[in-house]
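This report covers the cores, the sheet, the helices around it and the aromatic pairs. Please read it alongside the sequence and the model.

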Amino acid sequence: MSELSKKKVVAITGSMGAGKSQVSQFIAKKYPVLDCDRVNARLIEPDGLGFKQLKEKGLIQVLENGQLDKAQLSKDMFSNPSIKKEVESILHTLINEEIEKWIAQQEVSLLFVEVPLLFETHWENRFDEVWCVVSDQEVSLYRLETYRHIPKEEAKRRWANQWSVEEKKKKSDVVIENNGSLEELEEKVNEILRKE
């Protein structure tokens, strides 16, 4: 993907609650950043291609207001590995197409793509570099409960389906520790960017 474009494309990933989106916001002040979660959200809107394909395959339920029943889909994917595989196969293909399209449209040589489940989807080799945002588990749990209203047990359940922080760190080119203030985090990000 990035080899063809002659652009350096960096993936931003990390553990849930570590601050990936915050890092992306700081980077976005200087460079283009694509958020795969937002791409996914657009794809599963009623007029999105993902919604259409999932509906055709009978993989989703639609609420009275025409929106995707996300709670039901999440439940189905968690309890049935074959549904999970099929849903992800459809959405990951579409997300990858959107990433390639976006990269082709950019006119600068350094780009960033935020991919929360980069290693879990085995996409790490599609990028020139991987930046991994990590924080201590207690810090992450506090952030998830306070800012995203995700209960501790739910957060731990989700973590159980992801690679461990240690595994992600080992496979990353740059590791950004985020246990402090926003100011400290921004300074760390700017310091890394100065070396690019």
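The largest nonpolar core has 31 residues, and Leu54, Val87, Ile99, Val113, Leu118 and Phe127 touch the most other members. A nonpolar core here is a set of buried Ala, Val, Leu, Ile, Met, Phe, Trp, Tyr and Cys residues joined through side-chain atoms within 4.5 Å. Buried means under 20% relative accessible area, exposed over 50%, and partly exposed in between (1.4 Å probe, protein chains only). This is a predicted model: local features need pLDDT of at least 70, side-chain atom pairs count only at pLDDT 80 or more, and totals for chains, interfaces and linings use all residues. Residues are numbered from 1 along each chain as its sequence is written, and side-chain values use heavy atoms, with hydrogens and water left out.

Six elements are listed as giving two or more residues to the largest core: β1 (8-14), α3 (36-43), α4 (49-56), α5 (70-79), α6 (81-105) and β3 (110-114). Helices (H or I, at least four residues) and strands (E, at least two) are DSSP runs, numbered from the N terminus. The largest share of the core, 9 residues, comes from α6. A second, separate core holds 16 residues, including Val10, Phe26, Leu110 and Val174. In soluble globular proteins, nonpolar side chains tend to be buried together.

**Around Leu54**

Contact means heavy atoms within 4.5 Å. Leaving aside neighbours within four places in sequence, leucine 54 is in contact with Ile44, Leu59, Ile60, Val87, Ile90 and Leu91. In α4, the buried residues are Gly50, Phe51 and Leu54. Seen down the axis of α4, they fall within an arc of 100 degrees, so they line one face of the helix. The arc is that of the directions from the helix axis to the C-beta atoms. These buried residues pack against α3 and α6. Glycine 58 follows α4, and its phi is positive, near 70 degrees.

**The sheet**

An open sheet is formed by 5 strands in the order β2-β3-β1-β4-β5, with parallel pairing. Two strands pair if DSSP finds at least two bridges between them. β2 (33-35) and β5 (174-177) are the edge strands, each with a single partner, so one side of each is left without a neighbour in the sheet. From one strand to the next, the twist averages 20 degrees. Three of the pairings are set out below.

| Strand pair | Sense and bridges | Opposed residues |
|---|---|---|
| β1 and β4 (129-134) | parallel, 5 bridges | Gly14 and Val133 |
| β1 and β3 | parallel, 5 bridges | Ala11 and Val113 |
| β2 and β3 | parallel, 3 bridges | Val33 and Phe112 |

In β3, 5 of the 5 residues are buried, so the strand is largely enclosed by the rest of the structure. Both faces are covered: Leu110, Phe112 and Glu114 are buried on one side, and Leu111 and Val113 on the other. In a regular strand the side chains alternate between the two faces of the sheet.

Two helices lie across these strands. α2 (20-27) crosses β1, β2, β3, β4 and β5, running at about 150 degrees to β1. α6 lies across β1, β2 and β3, at about 160 degrees to β3. Axes are lines fitted to C-alpha atoms, for helices over the stretch in contact, and angles run from 0 to 180 degrees between N-to-C directions.

**Aromatic pairs**

How many aromatic pairs does the structure hold? There are 4. Rings of Phe, Tyr and Trp (its six-membered ring) pair if their centres lie within 6.5 Å; planes under 30 degrees apart count as stacked, over 60 as edge-to-face and the rest as tilted.

Tyrosine 31 and phenylalanine 112 form a tilted pair, 5.9 Å centre to centre with 55 degrees between the planes. Tyrosine 31 lies in the loop between α2 and β2 and phenylalanine 112 in strand β3, so the pair ties together parts 81 residues apart in sequence. Phenylalanine 112 is buried, at 0% relative accessibility. Tyrosine 31 is partly exposed, with a relative accessible area of 26%. Leaving aside neighbours within four places in sequence, tyrosine 31 is in contact with Leu110, Phe112 and Leu193. Ring pairs link Tyr31, Phe112 and Trp131 into a cluster.

Tyrosine 142 and tyrosine 147 have ring centres 6.4 Å apart and planes at 85 degrees, so this pair is edge-to-face. Both of these tyrosines are exposed.
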